[in-house]
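Biologist: Could you take me on a close look at a single part of this model, the nonpolar interior, and then show me the setting around it? I would like one connected account, please.

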Amino acid sequence: MWEYTDKVKDHFLHPRNVGEVEGADGMGEVGSLACGDALKLTFKLDDEKRIQDIRFKTFGCGSAIASSSALTEMVKGMTLEEAEKVTNQDIADYLGGLPKEKMHCSVMGRDALEKAIAYYRGEPEKKLEGEIVCECFGVTDVEIERAVRENNLTGVEDVTGYTKAGGGCESCHEKIQEIIDKVHGKPHVAGRKPPQLTNIQKIQLIQETLEREVKPSLQKDGGDIELIDVDGNTVLVKLRGTCATCVASQVTLKHYVESKLREMVTPELVVEEVQ
Amino acid sequence: MKVIYADNNATTQVAPEVLEEMVPYFHDLYGNPSSMHSFGGQVAGELKEARERVARLIGATPEEILFTSCGTESDNTAIRAAIASHPDKKHIITTRVEHPAVKNLCEHLGGHGYRVTFLPVDRQGRLDLEHLHKALSNDTAIVTIMWANNETGVLFPVDEIAQLVRERGIVFHTDAVQAVGKIPIDVEQIPVDMLSLSGHKLHAPKGIGALYVRKGTKFSPFLIGGHQEKGRRGGTENVASIVGLGKACELALEHLEEENERVKLLRDKLENGILKRIPNAMVNGDREHRLPNTTSISFEYVEGEAILLMMNEFGICASSGSACTSGSLEPSHVLRAMGVPFTAAHGSIRFSLSIYNTEEEIDFIIEKLPSIIQRLRELSPFWGESKTAPPVCS
């Protein structure tokens with residue numbers, strides 16, 4: 001069961017401003033039956049160009065209806081310049097918060113309002129910006145980027161909660177993660193191919209890794225390691241100190257040294273001990 | 001506010017008689033049945049009786065009953081046992097409408113070296129046995145097909161399926177969690193090799209289940225541990241709950257006739273009453289071959305969670321196949337597999353009754369529901385002058 005606030009319940013059970021404004025100045029429709037939620041918003045302005053009457057019709061769950069109702073209450077009496085500053089987070093805050101999985105209900109409210117204002121101003125219907133990332137729910141990269149930026153989202157699940165993207169077949173999760181990483185300025189790591197190294201670069205990297213990662217931990221136990229040679233992908237080393245006489249040294253070599261080098265340099269490496 | 005509980009496929013109340021039999025095992029008789037002293041040992045006798053009662057309900061012998069912690073454990077045990085016993089076979093057959101306990105495990109195995117066939121169903125939720133016939137191969141390790149669907153109540157022809165699979169010498173498991181206690185089941189007549197059941201669906205507590213394993217079926221334990229359950233399931237027995245399950249099975253056998261007559265009449269009254277009073281409503285699934293207690297009804301142009309929340313205001317408890325209730329964004333995999341249109345899938349409600357429901361409760365639901373649907377339709381942009389809707393998300 002969802003944990004809805006009393007305010008969400010109140011707006012769901014007693015929705016304000018239901019219906020359609022006759023002779024509306026602005027009208028915006030978003031969503032569809034297939035998506036599971038849809039909203040039609042209509043408004044009329046008074047002589048001072050403030051929203052005098054605004055009404056909604058919503059198909060959807062409890063929080064979709066409550067978000068629509070809350071939105072109409074919030075923007076009534078506002079100028080369009082004021083109304084267009086209302087964000088989906090404002091709608092959620094007005095309701096005392098929404099479950100993360102239900103944030104897309106508040107996004108739907110804001111989108112409908114944006115559309116209705118554009119309609120009034122006679123702006124051409126915005127073409128779908130960007131490229132579709134989520135085929136199941138028809139969500140574009142531009143929409144995802146906006147949701148990530150405006151709400152400081154950090155995970156794919158959050159993006160699904162806010163935009164529905166990734167909530168169907170889940171095949172776009174990697175793309176969504178890339179967008180999140182891009183917005184937060186992180187380089188994309190997943191799926192990166194190991195760089196092609198020249199022999200010199202490889203040897204340098206092996207040397208560096210041994211010095212920086214491997215030696216310090218061996219030295220803690222009184223042991224040490226020395227790089228003898230690199231032959232293709234075979235790394236020849238000599239164990240020193242306590243390592244040289246330790247019965248577990250072969251385990252150390254394979255499980256620790258080799259896996260470390262494979263991780264940091266290239267997965268093809270094999271470590272062998274020179275007697 | 002009085003609770004009207006019509007969600008018995010989700011879980012049921014523990015029968016008062018069941019609870020009464022369980023109570024002593026929490027304080028006076030708390031011994032471990034494996035102990036050498038008679039204080040513990042005396043409990044073993046009670047386990048034996050419980051095993052007999054469970055066996056009797058499904059026509060099995062007590063030795064063929066294995067106690068588990070839940071339906072999911074029973075399903076996992078059965079499927080894992082079959083594939084472990086046939087390591088050379090890499091094919092599994094199931095259906096697209098299974099409970100997650102089977103569906104998600106099969107999908108998981110699909111990613112770990114197994115080929116999985118998910119048999120389709122038609123618009124009424126029925127299987128075409130020709131598909132099963134074609135899918136069976138020498139590589140098939142197990143066929144696992146539910147007896148009754150939890151969302152629609154549709155019954156699969158388990159008898160025919162079991163015969164067909166048996167002829168090929170392949171292991172057949174059925175998830176009968178929704179069927180046991182609601183319809184007569186006799187494994188002596190129907191050649192299933194393994195059958196899962198769950199306590200809390202038949203008025204025993206949550207946290208207890210059982211797996212029927214036909215004598216002679218190759219088996220390997222899922223929980224490896226002590227010698228309990230003859231080494232087939234390690235772990236100290238959940239004595240109180242096993243006793244409770246035994247009592248619940250005994251009661252279920254006694255109530256089987258009532259379930260299939262009085263409860264069925266109540267379900268039909270509810271279903272017909274709703275269809276008569278509410279336009280654009282339809283039943284999901286084959287109405288002929290169905291559990292006596294279940295109905296899944298779709299209300300077009302409204303959304304299921306909203307219906308549940310409004311019913312909740314009247315104390316009416318039910319479930320929905322709508323996306324919004326589960327936390328996922330797509331409606332139930334069962335309704336989608338059946339090809340129920342989106343206009344209806346989002347607005348589906350499942351009512352599932354039990355012997356504890358009364359005619360007054362059914363009348364109350366029939367009285368309240370039309371105005372709930374009407375209110376929500378008045379809010380809906382798709383209701384009214386144009387009842388058409390764009391086909392895809394925009």
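Modeller: Happily; here is a walk through the interior, followed by the chains as a whole. Please keep in mind that this is a predicted model.

Let us start with the core itself. The largest nonpolar core is made up of 84 residues. Inside it, the residues with the most contacts are B:Phe299, B:Ile307, B:Met311, B:Phe351, B:Leu369 and B:Leu376.

B:Ile307 is a good place to zoom in. Setting aside neighbours within four places in sequence, B:Ile307 touches B:Phe299 and B:Val302. Its contacts also include B:Gly347 and B:Ile349, and a further group is formed by B:Leu369, B:Ile372, B:Ile373 and B:Leu376. Of these partners, B:Phe299, B:Leu369 and B:Leu376 are themselves on the list of residues with the most contacts inside the core. Apart from this core lies another one, of 68 residues. Among its members are B:Val18, B:Cys249, B:Ala252 and B:Ala337.

Now for the chain around these residues. Chain B has 12 helices and 13 strands, and 59% of its 394 residues count as buried. Taking its contacts with a separation of 6 or more, 73% are between residues 24 or more positions apart. What does the radius of gyration of chain B say about its overall form? Chain B has 22 Å, which agrees with a compact globule, because a globule with 394 residues would come near 21 Å. Along the principal axes, the C-alpha atoms of chain B fill a box of roughly 75 × 50 × 35 Å. On the outside, chain B exposes about 15,800 Å², with 53% of that supplied by carbon and sulfur atoms. Its charges number 40 positive and 51 negative, and their mean positions are 4 Å apart.

Chain A makes a useful companion to this picture. Chain A contains 11 helices and eight strands. For 275 residues, a compact globule would have a radius of gyration near 19 Å, but chain A has 29 Å. The C-alpha trace of chain A spans about 90 × 40 × 35 Å along its principal axes. Of its 275 residues, 46% count as buried. Among the contacts in chain A between residues at least 6 apart in sequence, 55% join residues at least 24 apart. Chain A exposes about 14,200 Å², and carbon and sulfur atoms supply 48% of that area. As for charge, chain A carries 35 positive and 49 negative side chains, with the centres of the two sets 0 Å apart.

Key. Residues numbered from 1 in each chain as written. Chains lettered and ligands numbered in written order. Predicted model: local features only at pLDDT ≥ 70, side-chain atom pairs only at ≥ 80, totals over all residues. Heavy atoms only, no water. Helix = DSSP H or I, 4+ residues; strand = E, 2+ residues; numbered from the N terminus. Rg over C-alpha atoms; globule rule 2.2 N^0.38 Å. Buried < 20%, exposed > 50% of the residue type's maximum accessible area, 1.4 Å probe, protein only. Contact = heavy atoms within 4.5 Å. Areas by Shrake-Rupley, 256 points an atom, 1.4 Å probe, with all protein chains shown as cover. Lys, Arg positive; Asp, Glu negative; His and termini not counted. Charge placed at Lys NZ, Arg CZ, Asp CG, Glu CD. Core = buried A, V, L, I, M, F, W, Y, C linked by side-chain atoms within 4.5 Å.
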